[in-house]
Amino acid sequence: MRKFITLFGLFCGFAIFAHAAEAKRPNVLFIAVDDLRTNLGCYGDAAAITPAIDALAARGTRFDAAYCQQAVCNPSRTSLMTGRRPDSTRVWDLVTKFRETTPDVVTLPQYFKQHGYFTAMVGKIYHDGGKMGDPASWSQPAQHDGIPKEADYRLPKNQKGGKAAAYEFADAPENVYPDGRVADAAIAEITKLAARANDQPFFYAVGFRKPHLPFTAPKKYWDLYEGKKIPALEQPTAPRGAPEIALHHSVELRGYSDLPANGDFAPATIENLRRAYYAATSFTDAQIGRVLAALKTAGVADSTIVVLYSDHGFHLGEHGLWAKTTNYEVDTRVPLIIAPLGKSKGAATSALTELLDLYPTLADLCGLPAPEKTEGRTLRPWLENPATPSREAVFSQFPRPWPSRNAPKTMGYAVRTAQQRYVEWRDFQSGEVAARELYDYANPGAFEAVNLADDPSRAADVTALAALLPPRKVAANSNKAWRADALNRPRRVIFNNDGNDPILKIKRPSVEDMLAARTTPLVGTHVDSIFYCSFSAGFGNFSHLTKVGQVHFAQEDIFVNNQLPALATAGIDPLTEMVKFAHGHGIELFWSMRMNDTHDAGKSGQGPVLFKLNKLKQAHPEFLLGEPFEKLKAGSWSGVDYAHPEIRELAFRYVEEVCANYEVDGVELDFFRHPVFFKGPARGIAATDAERAMMTDLLRRIRAMAETKGRARGRPILIAVRVPDSAAYSRVMGLDVERWLAEDLADILVVGGYFQLNEWNESVALGHRYGVKVYPSLDDSRVKGEGSAEKRMSDEGYRGRAAVAWAAGADGVYLFNQFNPKRKLWNELGDPRGLAKLDRDYFASIYGVARAAGGNFPHQKFQTLETLNPGDPKELPAAKAVMAKLMLDASPSQAKSRTLGLQFDQPFASHQLSVKLNDTTLAANREANGWIFFPVNAAMLKAGANTVSVTRAEKSSEFKWLDLVLEVRP
């Protein structure tokens with residue numbers, strides 16, 4: 001008998017769904033609610049007044065154990081709409097657009113659109129409406145998908161822009177608040193969709209913003225809860241033993257004007273906030289009721305599948321937390337109701353479910369082919385039979401720090417089984433586990449009260465649950481493993497050669513002469529890598545025998561002795577010869593491309609010749625950043641504008657040609673020479689998201705091509721990028737460097753150039769976080785002042801700079817614009833221990849504020865390191881200490897002699913000032929050429945930042961502090 005009943009039930013269930021494939025396809029009403037908890041009548045909360053959602057559950061299937069994949073809007077909605085987990089979409093924050101990280105992904109509504117559906121939306125479906133929407137998903141423009149914050153309010157006192165009160169309930173009609181207007185628009189649109197539903201089925205997405213903060217609605221919804229007892233706050237303190245990283249400071253709520261920025265909320269405040277949340281929920285429920293009624297009025301209720309879900313949950317004081325952004329139950333569990341066709345009686349299932357299951361489920365119910373590359377599973381079995389056995393586990397995750405615009409440093413990966421939740425907080429790159437959490441739900445009274453992960457009796461649980469966590473896609477990178485040996489070879493010193501050797505440095509077309517000019521003497525030195533820039537003076541103008549770009553055959557002006565024409569006639573390609581020589585002597589050879597060289601912008605010298613001979617720029621002046629000789633605020637007019645797809649395509653093809661035809665070990669994309677790529681930044685206007693996406697897409701194409709070419713030849717082609725040493729500054733230029741690293745688009749990070757913004761350890765930490773090698777660029781100094789640049793460019797100056805770079809954890813040093821191959825530095829800079837035995841000078845600042853040749857986007861506000869030099873002196877007000885920072889490695893403390901030198905703009909008596917090093921007063925022992933020198937004891941110094949302070953006596957004459965150096969003599 002039991003067998004007969006089961007089979008009969010299954011038969012009836014299949015009958016419900018059979019006509020989805022046989023008859024015309026059903027419509028879909030897809031209702032999204034923001035921040036909605038399971039505090040609903042149909043989920044057992046007697047206090048909640050939610051008749052519309054309850055009625056939907058009464059005729060559909062209620063999923064009691066549904067979970068989001070990341071408890072915050074953008075990642076959760078992206079995961080649901082793409083059917084992919086956050087590590088697959090690479091969307092973990094509120095600002096990343098999934099079309100930047102997965103440009104070819106087919107979204108849920110887009111899939112329906114491709115299969116003949118008319119797709120439309122109103123309200124909040126994707127995060128942040130218009131800014132983060134996706135036109136490719138819809139058959140018509142979105143409605144009401146973006147609202148200003150002040151539109152959340154009705155009362156004038158709150159309509160001042162930004163966050164005002166945390167809750168507001170004005171005595172006003174429904175549609176003065178955005179969700180009321182969303183319902184109005186949805187009702188009107190359903191009438192239109194229904195009119196043509198017989199000819200074309202519809203997929204209509206309706207997104208409601210409440211109960212998202214601020215909790216606002218007409219007053220009658222607040223009044224609904226007058227005297228009504230809201231459920232008591234469950235578990236009001238953090239779980240005992242929970243790691244700090246699992247918690248947060250409720251910053252989303254604390255940003256509202258009527259709440260304290262710190263400290264606990266008063267009991268009355270908590271009570272009002274919880275009541276306000278319930279009231280806002282009831283308001284949204286009423287709007288949902290209006291929309292569902294419109295389906296019936298339009299005559300399409302019986303032919304429309306209805307789905308209702310929330311993007312994540314919301315803390316209302318549980319664990320001492322407010323809002324979302326954790327891996328806890330209250331944040332990750334969501335209401336989910338599916339009312340398919342032919343079903344009139346409600347059911348509930350306790351089967352574990354994920355929001356990303358919705359994509360394959362709806363495709364299945366509507367008779368569409370199973371979508372590819374989605375990571376969920378169809379819920380049809382539980383719709384047909386709610387008692388169908390559940391899967392073993394579902395998964396969520398959340399990054400730290402939060403909020404952040406960058407890839408995560410740490411990711412908490414959570415697995416939820418029927419009775420337990422286990423969380424591993426992993427270093428995002430290495431996978432090393434920093435903390436664990438284990439919670440047991442078998443006892444309903446112990447709701448996440450104690451973290452059991454360290455309980456020895458639970459060790460078996462921890463092991464079993466850890467084994468369920470899916471492998472991280474970010475770490476599972478076979479290409480990265482394949483490149484590992486090539487990447488990990490030593491690069492003590494990288495020599496950047498600008499490719500002028502065959503053009504300006506030799507007098508006869510001889511390979512031997514070309515190599516002797518800059519290369520042959522480097523054999524046997526610390527130079528393990530040569531980054532060979534085949535001229536690149538002006539975009540597309542090269543010294544290798546390109547067919548995609550043009551070869552620099554010019555023999556005019558300073559190029560009168562150019563040997564390239566004769567070399568080419570003899571069949572000699574400088575890049576080929578460089579590769580052969582380097583590999584013959586155990587040296588790595590990268591081809592370096594200057595991504596926007598503007599040596600052709602000048603009015604004299606090589607500028608006019610280069611520009612006249614550049615065929616691309618002559619034929620297409622519209623591709624340039626400015627008009628000829630236009631003076632731009634932050635760049636050179638002759639640079640190319642990467643906003644043009646033709647320019648990005650050419651850049652790609654230049655790199656592709658080299659990867660296909662030359663046995664290079666890698667490619668360097670030099671974004672520092674010169675660092676302007678779009679018209680906005682060239683005029684001092686920050687690059688847009690769209691511009692950053694263009695450059696990231698170019699990097700993706702180059703990486704993919706290099707992988708393919710490398711695999712074909714059986715040897716990797718590495719990618720190096722040379723960029724400013726600030727990810728934030730690079731972003732305003734249009735270079736999303738941290739995203740490149742997070743997406744494994746670069747193996748080597750060369751940082752800095754004619755200016756430096758931060759201490760090297762910041763760049764080292766950034767690169768190493770993503771498994772990328774980091775090489776500080778030690779460019780020539782161009783500070784003003786007699787002898788100032790020469791002192792910094794001396795052997796002693798370079799040794800001090802290299803010592804500091806090595807001490808910061810750099811993987812080697814990179815030298816730019818240093819072309820004398822016989823200089824003894826090439827046998828010194830790659831050995832930190834050896835440097836400690838040599839004379840060294842440590843300057844407070846090598847470059848000062850500085851600027852890139854040709855100009856660059858203003859960078860001063862991004863500059864955190866010391867800039868003291870004769871071109872940027874420090875005023876010395878009377879009787880006030882003025883500080884300067886001096887970065888050192890540990891070796892000066894071990895030397896025999898250390899002398900601190902300070903330079904001032906005029907002579908003075910020694911009693912007129914006081915000088916301290918790390919709070920120790922110094923005594924001068926000599927003066928020379930405007931400098932005053934102080935002997936320094938080893939105990940006064942420390943590795944890292946040292947502080948030098950100068951105080952001018954109150955009645956002394958005025959003077960300026962020009963320079964600071966520590967001379968170390970072993």
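User: Which residues does Arg703 touch, leaving out those up to four places away in sequence?
Analyst: In this predicted model, Arg703 touches Arg483, Ile717, Ile719, Asp744, Leu745, Ala746 and Asp747, not counting residues up to four places away in sequence.

User: And where does Arg703 lie, and is it buried or exposed?
Analyst: Arg703 lies in helix 25, and with a relative accessibility of 6% it counts as buried, because the cut-off for that is under 20%.

User: What does helix 25 pack on?
Analyst: Before helix 25 comes into it, the sheet itself needs a word: 8 strands close into a barrel in the order 16-17-20-21-22-23-24-25, with parallel pairing, and from one strand to the next the twist averages 25°. Helix 20, residues 574-584, packs on the sheet and touches strand 17 and strand 20, its direction making about 150° with that of strand 20. Helix 25 packs on the sheet as well, touching strand 21 (666-670) and strand 22 (718-723), and its direction makes about 150° with that of strand 22.

User: How many bridges join strand 16 and strand 17?
Analyst: Strand 16 (residues 493-497) and strand 17 (residues 527-533) pair in the parallel sense over 5 bridges, and within that pairing Ile494 stands opposite Ser529 of strand 17.

User: What about strand 21, which strands does it pair with?
Analyst: Strand 21 pairs in the parallel sense with strand 20 over 5 bridges, and also with strand 22 in the parallel sense over 5 bridges. On the strand 20 side, Ser592 has Glu668 of strand 21 as its bridge partner, while Gly666 stands opposite Leu718 in strand 22.

User: How many of the residues in strand 21 are buried?
Analyst: Strand 21 is mostly covered, with 5 of its 5 residues buried. The cover is found on both faces, where Gly666, Glu668 and Asp670 lie on one side and Val667 and Leu669 on the other.

User: Switching to the nonpolar core, which residues touch the most other members?
Analyst: The largest nonpolar core has 141 residues, and Tyr642, Phe671, Leu902 and Trp961 are those that touch the most other members. Helix 23, residues 645-661, gives the most to this core, with 8 residues. Apart from that core lies another, of 67 residues, which has Tyr43, Val122, Leu259 and Leu292 among its members. As general background, nonpolar side chains tend to be buried together in soluble globular proteins.

User: What does Trp961 touch?
Analyst: Not counting residues up to four places away in sequence, the residues that Trp961 touches include Leu868, Pro873, Lys874, Leu876, Val882 and Met883, and also among them are Leu902, Gln903, Phe904, Val948 and Val950.

User: How many aromatic pairs are there?
Analyst: The count comes to 39 aromatic pairs. In one of them, the rings of Tyr221 and Phe283 have their centres 5.4 Å apart and their planes at 55°, so this pair is tilted. The pair links distant parts of the chain, since Tyr221 is in helix 9 (residues 219-223) and Phe283 is in helix 11, 62 residues apart. Tyr221 counts as buried at 7% relative accessibility, and Phe283 is buried too, with a relative accessible area of 0%.

User: And Phe531 with Phe590, how far apart are the ring centres?
Analyst: The ring centres of Phe531 and Phe590 are 4.4 Å apart and the planes stand at 15°, so the pair is stacked. This pair also links distant parts of the chain, with Phe531 in strand 17 and Phe590 in strand 20, 59 residues apart, and both Phe531 and Phe590 are buried.

User: Which residues form the aromatic cluster that has Tyr642 in it?
Analyst: That cluster is formed by Phe539, Phe542, Trp591, Tyr642, Tyr654, Phe671, Phe677 and Trp740. Tyr642 and Phe671 also appear among the residues that touch the most other members of the largest nonpolar core.

User: Back to helix 11, how many residues does it have?
Analyst: Helix 11, residues 267-297, has 31 residues and reaches 45 Å from its first C-alpha to its last, close to the 45 Å expected at 1.5 Å a residue. Helix 11 is followed by Gly299, which has a positive phi, near 80°.

User: Last one, where does Ala686 lie, and what is it in contact with?
Analyst: Ala686 lies in the loop between helix 24 (679-682) and helix 25 (689-713), and it is partly exposed, with a relative accessible area of 36%. Leaving aside its neighbours within four places in sequence, Ala686 is in contact with Pro681, Val732 and Phe857. The C-alpha atoms of Ala686 and Val732 are separated by 4.7 Å, although these residues are 46 residues apart along the chain.

Methods: Residues numbered from 1 in each chain as written. Predicted model: local features only at pLDDT ≥ 70, side-chain atom pairs only at ≥ 80, totals over all residues. Heavy atoms only, no water. Helix = DSSP H or I, 4+ residues; strand = E, 2+ residues; numbered from the N terminus. Buried < 20%, exposed > 50% of the residue type's maximum accessible area, 1.4 Å probe, protein only. Contact = heavy atoms within 4.5 Å. Expected span 1.5 Å × (residues − 1). Pairing = 2+ DSSP bridges. Axes fitted to C-alpha atoms, helices over the stretch in contact; angles between N-to-C directions. Core = buried A, V, L, I, M, F, W, Y, C linked by side-chain atoms within 4.5 Å. Phe/Tyr/Trp six-rings, centres within 6.5 Å; stacked < 30°, edge-to-face > 60°.
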